[in-house]
Each structure stands twice: as C-alpha cells, then as structure tokens.
Amino acid sequence: MNKSEMIDAIAARSGLSKAMAAKALDATTEPIIDAVAQGDTVTLVGFGTFKASTRAAREGKNPKSGEKIQIPEMTIPKFAAGATFKNRVADKGD
C-alpha cells in the first residue's frame, strides 16, 4: 500500500473527503517524524513504538570495487509493532 492508497482507505473508513484524509494522514505522521528526529519515543498502544536508534560504525565493502570502506555511526528510525498489530498479522488479518 502506498500513500495514495492509504489516503483512499482512510477516506473510505472515516467518511472524510480524500483531501481531508490526506491532511489527517500528514497530521498524524509529521508529529511522529518530528518527535523521533528529536530523539523522543512515540508509543501508540496496540499499534507500536517509533524510536531513534544508533547503528554502530562498521566496516563495509564497496560493491563496485570490492574495496573495504568505513561506514560511520548513524541514527536511524526503528519501529516495533504492538501486541494488537502482531496478533492481527499472525492471524493473517482475520
């Protein structure tokens, strides 16, 4: 599912217009992105937890030349699914 399909699904389930559904989706995702970018953790009970995580520096390989390169430490976003989400996926959406 892409963003456009998500907007269609939100509109269908909520009775909102597609324009309002797009605004609602952006109004939901932007604060999550902003909070995680600032190092905060966002927990939506039953859905999951978004947080920033540090990936350690490591040695990698340039796929073109095969030469070893040093990949620096970086902060990345992580998502851990909540119990309701996990159970629904395990039950294959039933």
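Let us start at E59, which counts as exposed because its relative accessibility is 52%, above the 50% cut-off for that label. The model you are looking at is a predicted one, and E59 is a handy place to enter it. E59 has a partner: K68 forms a salt bridge with this residue, and the closest N and O atoms are 3.8 Å apart. That distance falls within the 4 Å allowed for a salt bridge, so the pair counts. K68 is exposed as well, with a relative accessibility of 63%.

Why might two such side chains meet? Side chains of opposite charge can pair when their charged atoms come close. How many salt bridges does a search of the whole structure find? The search gives 3, and the pair of K68 and E59 is one of them.

Next, turn to the helices α1 and α2. The side chains of K3 and D26 meet in a salt bridge, with 2.8 Å from N to O. This pair links distant parts of the chain, since K3 sits in helix α1 and D26 in helix α2, 23 residues apart. K3 counts as partly exposed at 46% relative accessibility, and D26 is also partly exposed, at 30%.

A salt bridge also joins K18 and D8, whose side chains meet at 3.2 Å from N to O. Here K18 belongs to helix α2 and D8 to helix α1, and the two are 10 residues apart. K18 counts as exposed, with 53% relative accessibility, while D8 is partly exposed, with a relative accessible area of 32%.

Now for the aromatic rings. The count for this structure comes to 5 aromatic pairs. In one of them, the rings of F47 and F79 have centres 5.5 Å apart and planes at 50°, so the pair is tilted. F47 lies in the loop between β1 (42-44) and β2 (48-55), and F79 lies in strand β5 (residues 74-81), so their pairing ties together parts that are 32 residues apart in sequence. F47 also pairs with F85: the ring centres are 5.3 Å apart and the planes stand at 25°, so this pair is stacked. With F47 in the loop between β1 and β2 and F85 in helix α3 (residues 83-90), the pair ties together parts that are 38 residues apart in sequence.

What do the ring pairs link into a cluster? The members are F47, F50, F79 and F85. Are F47, F79 and F85 buried, partly exposed or exposed? F47 is partly exposed at 39% relative accessibility, F79 is partly exposed at 37%, and F85 is partly exposed at 31%.

These three rings also belong to a feature of the surface. Together with L44 and V89, the residues F47, F79 and F85 form a nonpolar patch with about 420 Å² of accessible area. Patch residues need over 30% relative accessible area, so F85 with its 31% qualifies. V89 is found in helix α3 and counts as exposed, at 52% relative accessibility.

F47 and F85 appear once again when we look at the largest pocket. This pocket has a volume of about 620 Å³. Its lining is made up of 18 residues, and those nearest its centre are M6, I10, L25, F47 and F85. Which helices each supply at least two residues of the lining? They are α1 (3-14), α2 (18-37) and α3. The largest share of the lining, 6 residues, comes from α2.

Helix α2 has one more residue to visit, P31. P31 counts as partly exposed, at 44% relative accessibility. From P31 you can look across to Q70: the two are 39 residues apart in sequence and 33 Å apart in space, C-alpha to C-alpha.

To gather the picture, helices α1 and α2 are joined by the salt bridge of K3 and D26 and by that of K18 and D8. F47 takes part in the ring cluster, in the nonpolar patch and in the lining of the largest pocket. F85 does so too, as a member of the cluster, of the patch and of the pocket lining.

Key: Residues are numbered from 1 along each chain as its sequence is written. This is a predicted model: local features need pLDDT of at least 70, side-chain atom pairs count only at pLDDT 80 or more; totals for chains, interfaces and linings use all residues. Side-chain values use heavy atoms; hydrogens and water are left out. Rings of Phe, Tyr and Trp (its six-membered ring) pair if their centres lie within 6.5 Å; planes under 30 degrees apart count as stacked, over 60 as edge-to-face and the rest as tilted. Helices (H or I, at least four residues) and strands (E, at least two) are DSSP runs, numbered from the N terminus. Buried means under 20% relative accessible area, exposed over 50%, partly exposed in between (1.4 Å probe, protein chains only). Patches are made of residues with over 30% relative accessible area and no salt bridge: like charges are joined within 9 Å, nonpolar side chains (Val, Leu, Ile, Met, Phe, Trp, Tyr) within 5 Å. Accessible areas come from the Shrake-Rupley method with a 1.4 Å probe; for residues, only the protein chains shown count as cover. On a 1 Å grid over the protein atoms alone, a cavity is a set of points where a 1.4 Å probe fits but cannot get out, and a pocket is an open set with protein on both sides within 12 Å along at least five of seven lines; lining residues have an atom within 4 Å of a point. Grid points are joined across faces, edges and corners, and a volume is the space filled by probe spheres set on the points.
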